[in-house]
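Ready to practise reading a protein structure? Take a look at the model, then work through the exercises one at a time.

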Amino acid sequence: MGIFIEKSLFFILILLAGLAAFWFLNAKQPRPQTQDGQLTVVASGYVPYTVAKQIGGDYVNLSMLLPANAEPHSFEPTPGAIVAVHGADVFIYVSPRIEPWVTDILTNVKEGAQVVQAAASAKPSKDPHVWMDFDNMRPFAQAIAQALQEKDPSHKDIYAANLAAFNQQLDELDRQFAAALKNCKYRRIVHVGHLAFGNLASRYGLELTALAGTSHDGEHSVKRLAQVVDLVKNSGAPYVFTEEALSQNLAGVVAKETGAQLLPLYTVEHVSAQEAQNHVTYADLMRRNLTSLQRGLECQP
Ligand SMILES: [Zn+2]
């Protein structure tokens with residue numbers, strides 16, 4: 001009996017040591033390296049991350065909670081993510097509709113830190129991927145710039161200049177999208193992915209059919225797949241659009257059943273580790289989207 005208790009105690013100690021090591025490793029990984037005079041800025045996912053990077057530049061010590069390639073809508077924050085949020089001078093997220101998990105970790109923000117819900121001023125829309133409308137990106141970026149300016153007034157002018165440059169990019173993108181998508185043979189985006197391009201479609205007078213709902217775990221039933229296949233067959237559309245996060249097999253099924261070819265669309269909300277490291281920007285990904293749409297919808301210049 002005594003040996004049994006001793007053994008149990010030993011295993012409990014091992015378990016506790018393991019848990020402590022797990023906590024330490026997780027806590028250590030996303031914790032930003034603070035440098036003198038730099039603001040510690042934590043973004044929920046890639047959209048606020050890339051905008052904060054463009055506006056904050058080298059003056060902020062920026063990190064992101066969502067690991068590369070992770071699904072943004074149903075992420076479960078690790079202990080490390082909670083520690084990172086607690087260390088933030090500025091914490092930026094998109095909205096509770098995009099990241100329902102953020103609500104639970106907001107209590108961990110330290111006193112005096114700025115919390116930015118970047119999509120707070122977006123136009124009301126059924127599709128919460130508000131950054132797909134350039135008009136929504138202006139207040140989005142403005143909210144981020146304002147928080148940086150308030151927490152770090154010594155670099156106020158730099159943040160303002162970077163914001164102005166970002167807004168110029170938005171104007172340019174908007175002009176390019178409007179011009180390129182004016183004269184297209186097909187006006188329906190058939191997207192074998194989740195509903196992320198509703199705002200983009202409505203901005204440029206396009207129709208959208210998406211396989212799944214507004215999150216990746218939305219239904220993409222056999223029935224829905226059959227409807228999408230029928231739609232592509234009936235319209236004779238030569239291309240359908242895919243997203244990497246959703247099963248490529250489903251896109252393959254649609255391609256096989258209809259003879260349509262596949263083109264990628266980028267939601268911006270998740271990128272590969274390599275692209276995150278190279279800091280692919282919002283504008284880069286939106287330009288890629290335009291290239292795919294022009295080709296897939298057969299638009300004439
Ligand atoms: Zn999404």
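Here are four exercises on this predicted model, each with a worked solution.

**Exercise 1. An overview**

Find how many helices and strands the protein has, and what share of its residues count as buried.

*Solution.* Start with the elements: there are 11 helices and eight strands. Next, turn to burial: 49% of the 301 residues count as buried. Then look at the surface, where the accessible area comes to about 14,900 Å². Carbon and sulfur atoms hold 54% of that area. Finally, consider the contacts with a separation of 6 or more: 65% of them join residues 24 or more positions apart.

**Exercise 2. The open sheet**

Work out the strand order of the open sheet of four strands, and say which strands stand at its edges.

*Solution.* Begin with the order, which is β6-β5-β7-β8, with parallel pairing. Now go to the ends of that list: β6 (207-210) and β8 (261-264) each have a single partner strand, so one side of each lacks a neighbour in the sheet. On average, neighbouring strands here are turned by 35 degrees against each other, direction ignored. Zoom in on one pair: β7 (residues 239-242) joins β8 in the parallel sense over four bridges. As an example, Val 240 has Leu 262 of β8 as its bridge partner. Last, add a helix to the picture: α11 packs on the sheet and touches β5 (188-192), β7 and β8. The direction of α11 makes about 160 degrees with that of β7.

**Exercise 3. Two helices side by side**

Decide whether α6 is roughly parallel or roughly perpendicular to α11.

*Solution.* First, take the angle: α6 (residues 156-180) and α11 (residues 282-296) pack at about 0 degrees, with their axes 11 Å apart. Angles under 35 degrees count as roughly parallel, so α6 is roughly parallel to α11. Next, see who makes the contact: α6 contributes residues including Phe 166, Leu 170 and Phe 177, while Tyr 282, Met 286 and Leu 290 are among those from α11. Sorted by class, this contact has 10 nonpolar, three polar and one charged residues.

**Exercise 4. A proline in a loop**

Locate Pro 128 and decide whether Pro 128 is buried or exposed.

*Solution.* Pro 128 sits in the loop between β4 (114-117) and α5 (134-151). Now check its relative accessible area, which is 8%. Buried means under 20%, so Pro 128 is buried. To finish, compare sequence with space: Pro 128 and Ala 196 are 68 residues apart in sequence, yet 7.6 Å apart from C-alpha to C-alpha.

Terms used: Residues numbered from 1 in each chain as written. Predicted model: local features only at pLDDT ≥ 70, side-chain atom pairs only at ≥ 80, totals over all residues. Heavy atoms only, no water. Axes fitted to C-alpha atoms, helices over the stretch in contact; angles between N-to-C directions. Parallel < 35°, antiparallel > 145°, perpendicular 65-115°, else oblique. Contact = heavy atoms within 4.5 Å. Nonpolar A, V, L, I, M, F, W, Y, C, P; charged D, E, K, R; others polar. Buried < 20%, exposed > 50% of the residue type's maximum accessible area, 1.4 Å probe, protein only. Areas by Shrake-Rupley, 256 points an atom, 1.4 Å probe, with all protein chains shown as cover. Pairing = 2+ DSSP bridges.
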